[in-house]
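Work through the exercises below with the sequence and the model side by side. Try each task before reading the solution that follows it.

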Amino acid sequence: MSLSSLLRCTSIRFESKLIATHFVLQRALSGADAINALRPFYFAVHPDFFGQYPREREVNENSLKRLNGYLENLQKPGRKSSPPTKLTFYVRGTQDNGDNQQDILPPGFRTVSFTLQTKDVLSTVTDILKSCSLPVEHMKGIKASTEKPKGPPKAGTPFDRPIKWDKTYYTFTGYRDPEQELEQAKRVEPTLSLWLSKNEPKATKKHIASLPRRNELNRLKTELCHKFSLADIRWQRSWGITHRCCQLQSLSRLSLQNPEALHCLQGHTIVFTDQSGMNASGHVMLGSMDVHQQWIKLMERVVSYRSLQQHSEELKERISLLLGGSQIIHVERLGPVQPIHTHYQALSTFHKSLVSHRLRLHPRSLQGLSMTLENDRCTPSLHEMGHFILPTNCDPPKLQVFLQRHAPEARERIQRKMQLQREEDAAVRECLQGLSLGGLSKDPSVSSSQMLTCCRRLLEQRLPLTQGLVVCVSHFYSVMQDGDLCIPWDWKG
């Protein structure tokens with residue numbers, strides 16, 4: 001018997017022994033088993049644990065949707081191969097984040113990015129846990145149970161995959177291994193032009209369907225701002241157009257039923273968010289899940305909130321005099337929504353610690369610099385954007401030394417940030433005009449330098465498939481429900 005014939009017979013016997021095991025393995029770890037196996041992962045990334053961190057919550061929500069779609073596709077009978085899927089999560093950290101992320105991410109968080117290109121649920125679950133540095137010991141029991149074949153399948157039972165020959169068959173015969181070719185193809189991430197060619201028709205269809213809702217949203221926003229002299233209406237999270245329209249329609253109905261309640265909002269900015277109240281910037285927050293009665297109760301407290309905001313501004317002025325003319329700010333997009341009463345308490349505590357010591361700072365030595373306060377921080381730091389991050393409870397003498405030592409670097413970073421911002425704004429305008437985009441924005445987690453790189457490459461490519469569409473630069477590819485396109489800032493050409 002020839003070597004190739006011997007290999008073929010050996011491969012068939014080997015395949016017949018494994019085929020039942022593979023069938024059970026593919027089907028056993030699905031549904032409830034997959035959920036149980038991923039419990040450590042869900043506990044670390046579930047959006048419900050990120051209620052105070054809107055940016056991280058939104059990224060995890062989008063990534064979980066795409067992950068669930070990937071897992072569902074793996075469990076479909078006669079499924080097609082899933083394309084490689086790159087996901088990014090904010091993980092409630094159990095490890096040290098390192099100095100590089102400490103000044104950028106909220107305390108206890110770390111970012112994890114990985115690409116899924118597995119062919120079964122078991123491998124997918126294992127890869128996810130390992131990528132997030134989460135324990136996989138509990139997977140041993142699952143593997144043991146799934147690898148016990150419950151007997152060969154009955155005659156005539158169809159399998160959801162073709163026969164796979166042993167690797168030695170392809171080595172000695174010289175035939176091409178289709179599985180190896182498929183794996184190599186999967187490792188190649190899609191280029192932007194290829195992804196657009198596949199998804200542009202779907203995005204265009206959704207975008208056209210959303211135009212009436214977009215017009216209605218603009219009409220309602222303009223009408224409410226004009227009627228009640230509002231400074232602006234914003235949204236904390238990137239809800240879809242339909243969701244935003246429903247929120248404004250609800251506010252419009254309330255204005256017809258109880259117009260007196262909304263007059264107290266004159267001059268304020270309204271922010272639809274997850275909780276009602278007033279934030280550290282003095283914006284009135286309307287909880288998206290609250291009913292009209294809760295909104296009315298909030299509006300009745302706006303006067304007291306204004307008084308608390310005024311006291312907060314007075315404390316900021318006193319702190320500025322003590323700290324060489326620097327200003328206390330609250331960077332909303334980099335952190336959680338901070339209620340005004342929490343902000344006032346932090347200012348009061350910080351002010352009391354400063355007045356307990358006599359600092360020797362020139363009245364204008366730190367003018368032009370800014371700082372934020374964090375209750376759970378132990379040591380001061382300098383953010384990459386140029387502002388200081390200070391602990392509410394600090395040691396004033398050590399704080400003075402830190403501020404004086406890092407003031408020159410802070411000014412350099414501010415100048416660098418302002419220059420980057422100018423270049424980014426110019427690049428965005430050029431993209432909007434040169435590419436005929438309907439809109440161009442970025443996710444809060446995308447830095448100005450990353451956005452600038454992305455815009456410059458878009459201008460070089462001059463892709464025609466984006467004309468008229470709204471593009472959001474993020475960390476992943478996605479077509480949103482209203483036709484907006486999400487593309488990674490580091491897309492491949």
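**Exercise 1.** Which residue in β14 does valine 479 stand opposite?

*Solution.* The model is a predicted one, and this should be kept in mind throughout. Begin with the pair of strands concerned: β13 and β14 run antiparallel and are joined by 2 bridges. Within this pairing, valine 479 stands opposite leucine 485 in β14. Then follow the chain through the hairpin of β13 and β14, where 5 residues lie between the strands and glycine 483 takes a positive phi near 90 degrees.

**Exercise 2.** Find which strand pairs with β14 in the parallel sense, and place β14 in its sheet.

*Solution.* The parallel partner is strand β12 (residues 470–474), which pairs with strand β14 (residues 485–488) over 4 bridges. Two facing positions can be located here: valine 471 stands opposite leucine 485, and cysteine 472 stands opposite cysteine 486. Now widen the view to the open sheet of 4 strands, whose order is β11-β12-β14-β13 and whose pairing is mixed. Its edge strands are β11 (439–442) and β13 (478–479), each of which pairs on one side only.

**Exercise 3.** Are the residues on the two faces of β14 buried or exposed?

*Solution.* The cut-off needed for this step is that a buried residue has under 20% relative accessible area. On one side of β14 are Leu485 and Ile487, on the other are Cys486 and Pro488, and all of them are buried, so that both faces of the strand are covered.

**Exercise 4.** Which residues line the largest cavity, and to which classes do they belong?

*Solution.* The structure holds 2 cavities of 30 Å³ or more, and about 60 Å³ of space lies in the largest cavity. Its lining is made of Leu192, Leu196, Leu435, Leu437, Leu458, Leu463, Thr466, Val471 and Ile487. Sorted by class, this lining has 8 nonpolar residues, 1 polar residue and no charged residues. Val471, which faces leucine 485 across the pairing with β14, is one of the lining residues, and so is Ile487, one of the buried residues of β14.

**Exercise 5.** In the open sheet with the order β7-β8-β10-β9, identify the edge strands and the helix that packs on the sheet.

*Solution.* This open sheet has 4 strands in mixed pairing. The edges are held by β7 (327–328) and β9 (381–382); each has a single partner strand, so one side of each is left without a neighbour in the sheet. For β7, the partner is strand β8 (residues 370–374), to which 2 bridges join it in a parallel arrangement, with glutamine 327 standing opposite serine 370. The helix is α15 (residues 340–355), which packs on the sheet by touching β7, β8 and β10 (388–391), its direction making about 105 degrees with that of β8.

**Exercise 6.** Is arginine 39 buried or exposed, and how far apart are the C-alpha atoms of arginine 39 and leucine 129?

*Solution.* Arginine 39 is found in helix α3 (residues 39–45). Because its relative accessibility is 54%, and exposed means over 50%, arginine 39 counts as exposed. Its C-alpha atom is separated by 9.7 Å from that of leucine 129, although the two residues are 90 residues apart along the chain.

**Exercise 7.** What share of the residues of the chain is buried, and how many helices and strands are there?

*Solution.* Of the 493 residues, 45% count as buried. The chain has 17 helices and 14 strands.

Terms used:
Residues numbered from 1 in each chain as written. Predicted model: local features only at pLDDT ≥ 70, side-chain atom pairs only at ≥ 80, totals over all residues. Heavy atoms only, no water. Pairing = 2+ DSSP bridges. Contact = heavy atoms within 4.5 Å. Axes fitted to C-alpha atoms, helices over the stretch in contact; angles between N-to-C directions. 1 Å grid on protein atoms, 1.4 Å probe; cavity = no way out; pocket = protein on both sides within 12 Å on 5 of 7 lines; lining within 4 Å. Points joined across faces, edges and corners; volume = space filled by probe spheres on them. Nonpolar A, V, L, I, M, F, W, Y, C, P; charged D, E, K, R; others polar. Buried < 20%, exposed > 50% of the residue type's maximum accessible area, 1.4 Å probe, protein only.
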